[in-house]
Amino acid sequence: MAAMSLASYAMNVQRSRGRRYPEPQHPYRNDYARDRDRVIHSRAFRRLEAKTQVFTTRYSDHFRNRLTHTLEVAQIARTVAGALKLNTDLAEALALVHDIGHPPFGHAGEKRLDLRMREHGQRFDHNLHALYIVEQFEQRCLEYPGLNLTFEVREGIIKHSREYSAAEFPQLAEYLLDQRPPLESQLIDLVDEIAYNTADLDDGFEAHLVDLNQLRAEVPIFDEAFAEVDHRYPRGKAKLKFNEALKHILDILATDLIETTSRTVEKSGVENVEDVRRQPHRLASFSAPMAKRNADLKRFLFAHVYSHPSIAEDRDRSVAALDALFSFFLDHPERMPQQYAGLAKREPTYRVVCDYIAGMTDHFLLRQCQELL
């Protein structure tokens, strides 16, 4: 993106803190565009295709997986960033990399890995694991470990969704933990919510887990959108009217995020990225009324989709397999591939086992269970 089209408080790639290992500039791609491409070509990114979003492939192969969800987040991130005159290349790179640290079976898999690591006084955090992947694990170049991404992308990996304490995470000290990240990073968690709230509702309806009348009764933002579509197309098919209402909700949420963030930025008086960093709170947000309506949608999803018996049963079975495989490799580290078995002789076995399992796809983990257990 040309610097002249950016807002003064956007992250200008020419002011990047650069890469850990200096590289010559590319003749026609800026550094954030190159970071985006490095993420897309990484093995960790490809593996997202076979990692669960909500519905495992044992339920159906028609629904979103972690990769298609990531692409939807990237599309919304570019739109929102562009409307705010932020750096769309940086926003897209952050959106594409934001989930590569997720283990098999979504958040349920992450929670189980975290529980197993707590047994050894450690934790599992998908953001920190993503940082480990891009800094160390992905090996695609002879000259340096990892992907050698720019500082702002690495910073955004850990700070896009939460704050980290320098006292609790001294290993992250270089990432300015006492400061807010640039606005491009602040947007990611919010566009992630827009993407998964609307997509999970779509998949839940397609799976016949969502009752339309119940949805309209419990989620005002959907009821209003559907009523408008129903008024315009009274004889339309219910599924198509549902689709139109959902598109309208996505548009409402994205528009509110753009307009609210724009007003907050203007009111704050920030003029550059350093001003953004020094703010006591993040500037990107929904308006209070829209945050409440979005929360209504999230509550409905937790009550009627995520906790649905068919989803819960599949999730519990998958997580039990992950847990059993963790125990097996803890007792038999030599049964891991040579690379990991060798590492387990020099590093804590539980750490190596965690990293190995976190990188697995759903299919591979289940296949390993079938072969080894």
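## H4 and H7

In this predicted model, helix H4 (residues 88-97) and helix H7 (residues 151-159) have axes that come within 10 Å and cross at roughly 45°. The two helices are therefore oblique to each other. An angle of 45° is neither under 35 degrees, as roughly parallel would require, nor over 145, nor in the range 65 to 115. The crossing of H4 and H7 is right-handed.

On the H4 side, the contact is made by Leu90, Ala93, Leu94 and Val97, which meet Glu152, Val153, Gly156 and Ile157 in H7. By class, these residues are six nonpolar, one polar and one charged. The charged residue is Glu152 and the polar one is Gly156.

## H1 and H4

Helix H1 (residues 31-40) also packs on H4, at an angle of about 20° and with the axes 8 Å apart. H1 and H4 are therefore roughly parallel to each other, since angles under 35 degrees count as such. H1 passes H4 in a left-handed crossing.

The residues of H1 in this contact are Tyr32, Ala33, Asp35, Arg36, Val39 and Ile40. Their partners in H4 are Asp89, Leu90, Glu92, Ala93, Leu96 and Val97. Taken together, the contact of H1 with H4 has eight nonpolar, no polar and four charged residues. The charged residues are Asp35 and Arg36 in H1, with Asp89 and Glu92 in H4.

Leu90, Ala93 and Val97 of H4 appear in the contact with H1 and also in the contact with H7.

## H3 and H4

Helix H3 (residues 66-83) packs against H4 at an angle of about 160°, with the axes 8 Å apart. That makes H3 roughly antiparallel to H4, the threshold being an angle over 145 degrees. The crossing of H3 and H4 is right-handed.

From H3, the contact takes in Thr70, Leu71, Val73, Ala74, Ala77, Arg78, Ala81 and Gly82. From H4, Thr88, Asp89, Ala91, Glu92, Ala95 and Leu96 take part. These residues divide into eight nonpolar, three polar and three charged. The polar ones are Thr70, Gly82 and Thr88, and the charged ones are Arg78, Asp89 and Glu92. Asp89, Glu92 and Leu96 of H4 meet residues of H3 and also residues of H1.

## Loops on either side of H4

Lys85 lies in the loop between H3 and H4. Phi of Lys85 is near 60°, a positive value in a residue other than glycine.

Phe105 belongs to the loop between H4 and helix H5 (106-118). Its phi is near 65°, again positive in a residue other than glycine.

## Cavity

The model has one cavity of 30 Å³ or more, and the largest cavity has a volume of about 30 Å³. Tyr9, Leu84, Leu86, Leu183, Thr261 and Val265 line the largest cavity. By class, this lining has five nonpolar, one polar and no charged residues, the polar one being Thr261. Two of the lining residues, Leu84 and Leu86, stand on either side of Lys85 in the numbering.

## Second largest pocket

The second largest pocket holds about 360 Å³ of space. Its lining has 14 residues, and those nearest its centre are Arg43, Arg47, Phe137, Tyr340 and Gly359. The elements that give two or more residues to this lining are helix H2 (43-47) and helix H15 (338-343). Arg43 and Arg47 fall within the residue range of H2, and Tyr340 falls within that of H15.

By class, the lining of the second largest pocket has six nonpolar, four polar and four charged residues. Among the charged residues are Arg43 and Arg47, while Phe137 and Tyr340 are among the nonpolar ones and Gly359 is one of the polar ones.

Notes: This is a predicted model: local features need pLDDT of at least 70, side-chain atom pairs count only at pLDDT 80 or more; totals for chains, interfaces and linings use all residues. Side-chain values use heavy atoms; hydrogens and water are left out. Axes are lines fitted to C-alpha atoms, for helices over the stretch in contact, and angles run from 0 to 180 degrees between N-to-C directions. Helices (H or I, at least four residues) and strands (E, at least two) are DSSP runs, numbered from the N terminus. A crossing is left-handed if the near helix is turned anticlockwise from the far one by less than a right angle, and right-handed if clockwise. Contact means heavy atoms within 4.5 Å. On a 1 Å grid over the protein atoms alone, a cavity is a set of points where a 1.4 Å probe fits but cannot get out, and a pocket is an open set with protein on both sides within 12 Å along at least five of seven lines; lining residues have an atom within 4 Å of a point. Grid points are joined across faces, edges and corners, and a volume is the space filled by probe spheres set on the points.
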